[in-house]
Amino acid sequence: MAKWKKLAGKIFAGLDENKQSAGLYAVLEDLLALKSKTGYLKGFHTLRASGSMSGDVKSAFKGRGMEMEEIRAYNFGDDVRDIDWRVSARKQQPFTKLYNEERDREVMILLDFSSSMAFGTRKELKSVAAAKVAALLGWRALENKDRVGVAIFSEKETITFKPDNQTRVFAAVCKKIADVSKEILQDKAFHESTLAKPLQWIDKNVHNDAVVFIISDFGRFDEEMRRKTAVLARKANLYMINILDVLEEKAPLPGEYMVENAGQKVVFNSSSAAFQEKYQQYFADKRLKIKDFCVKFQGRYLEIVTNRPLVEQLKI
């Protein structure tokens, strides 16, 4: 056995970190490399997640200045909220207003690394996909000369970074994200904590009209978290990004399975049509409730599925 362990140690020592992670935790090099992928967030008008559940993310980086720059003919993809209806009626064709873009906006990212995010059945854990989304949004905001702040929630603690527009600072944030994504795999305890406290911290530390991204699977979207989110939505432009595993879209193949949660093991059989229908309806209802809540407070709801390439989900 000792010889086997020694041999195994040599084998794993020869592997690079990307191969060792195998989608279990975020790798710093991957998060830094996403800086070159920000083109997928440039100028597009919808962040497509799944079917009809999409949100307009263009305004999160475009900004809406106070001074109107010009009025021109409406082009496909322009924000319908900027249509000048008086000019359009007079000209008998749609015209849109163009505004001077705001710069140095605040973009705050709340990254959920709670225990339910350390789950995945295809490609990578939800926590890894969430880390990549956070990095991509952060790099895009910096490219737009915005200030980026991050709150990393891991149930043990919340690590916060106030808004800053320096690349080296966000690189350090990415390093911390990578570190925490690995640390949560060692935590076997069950926790009842939610995102309520980090949401309160964000509310106290951002100005009006800031852009706030909540990246989570919303596994514990309890009443307290709803209240904190609603308060924040009145102050900031809210984006709720739901990270999903493929098993939250479709029931597992027919068969017998054992699952464990908080030390409790349950065996179930997914073979019956009734189970398949009830299973999928449960998760569909859960997603719809989160989306309806978000829309109620004028937020934007987006979905990212872990088994699909992130950049492909961001394409038009």
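**Reading burial, helices and ring pairs**

Modeller: Leaving aside its neighbours within four places in sequence, Thr306 is in contact with Arg122, Lys123, Glu124, Leu125, Lys126, Ala129, Ile243, Leu244, Asp245 and Val246. The model is a predicted one.

Colleague: Where is Thr306 found? Is Thr306 buried or exposed?

Modeller: Thr306 belongs to the loop that connects β12 (300-305) with α11 (310-313). The relative accessible area of Thr306 is 1%, so this residue is buried.

Colleague: How many residues of α6 are buried?

Modeller: In α6, 16 of the 18 residues are buried, so the rest of the structure largely encloses this helix.

Colleague: What span should the 18 residues of helix α6 have?

Modeller: At 1.5 Å a residue, helix α6 (residues 126-143) should span 26 Å, and this agrees with its end C-alpha atoms, which are 26 Å apart. Lys145, with a positive phi near 65 degrees, follows α6.

Colleague: How should one read the two sides of a helix, and which residues of helix α8 are buried?

Modeller: An α-helix has 3.6 residues a turn, so residues three or four places apart point the same way. In helix α8 (residues 196-205), the buried residues include Ala196, Pro198, Leu199 and Ile202. These residues lie on the same side of α8, because they cover an arc of only 165 degrees around the axis. Lys197 and Lys204 are exposed, on the face of α8 turned away from its buried side.

Colleague: What covers the buried residues of α8?

Modeller: The cover includes the strands β5 (106-112), β6 (147-153), β7 (158-164) and β8 (211-216), together with α9 (223-235).

Colleague: Two of those strands invite a closer look. How do β6 and β7 run?

Modeller: β6 and β7 run antiparallel and are joined by five bridges. The two strands form a hairpin with four residues between them, and Glu155 in the turn has a positive phi of about 75 degrees. Across the pairing, Ala151 stands opposite Thr160 in β7.

Colleague: How is an aromatic pair described, and how many does the structure hold?

Modeller: A pair of aromatic rings is described by the distance of the centres and the angle of the planes. The structure holds 10 aromatic pairs. In one of them, Phe213 and Tyr239 have ring centres 4.9 Å apart and planes at 35 degrees, so the pair is tilted. Phe213 lies in strand β8 and Tyr239 in strand β9 (residues 237-244), so the pair ties together parts that are 26 residues apart in sequence. Phe213 and Tyr239 are both buried.

Colleague: What geometry does the pair of Tyr279 and Phe283 have?

Modeller: The pair of Tyr279 and Phe283 is tilted, at 5.0 Å centre to centre with 55 degrees between the planes. Both residues lie in helix α10 (residues 273-296), four residues apart, about one turn of the helix. Tyr279 is buried, as is Phe283. Ring pairs link these two with Tyr257, Phe268, Phe275 and Tyr282 into a cluster.

Colleague: Finally, what does the secondary structure of the chain come to?

Modeller: The chain has 11 helices and 12 strands. Of its 316 residues, 44% count as buried. The accessible surface comes to about 17200 Å², of which 53% belongs to carbon and sulfur atoms. Among contacts with a separation of 6 or more, 72% are between residues 24 or more positions apart.

Technical notes: Residues are numbered from 1 along each chain as its sequence is written. This is a predicted model: local features need pLDDT of at least 70, side-chain atom pairs count only at pLDDT 80 or more; totals for chains, interfaces and linings use all residues. Side-chain values use heavy atoms; hydrogens and water are left out. Buried means under 20% relative accessible area, exposed over 50%, partly exposed in between (1.4 Å probe, protein chains only). Contact means heavy atoms within 4.5 Å. The arc is that of the directions from the helix axis to the C-beta atoms. Rings of Phe, Tyr and Trp (its six-membered ring) pair if their centres lie within 6.5 Å; planes under 30 degrees apart count as stacked, over 60 as edge-to-face and the rest as tilted. The expected span of a helix is 1.5 Å times one less than its number of residues. Accessible areas come from the Shrake-Rupley method with a 1.4 Å probe; for residues, only the protein chains shown count as cover. Two strands pair if DSSP finds at least two bridges between them.
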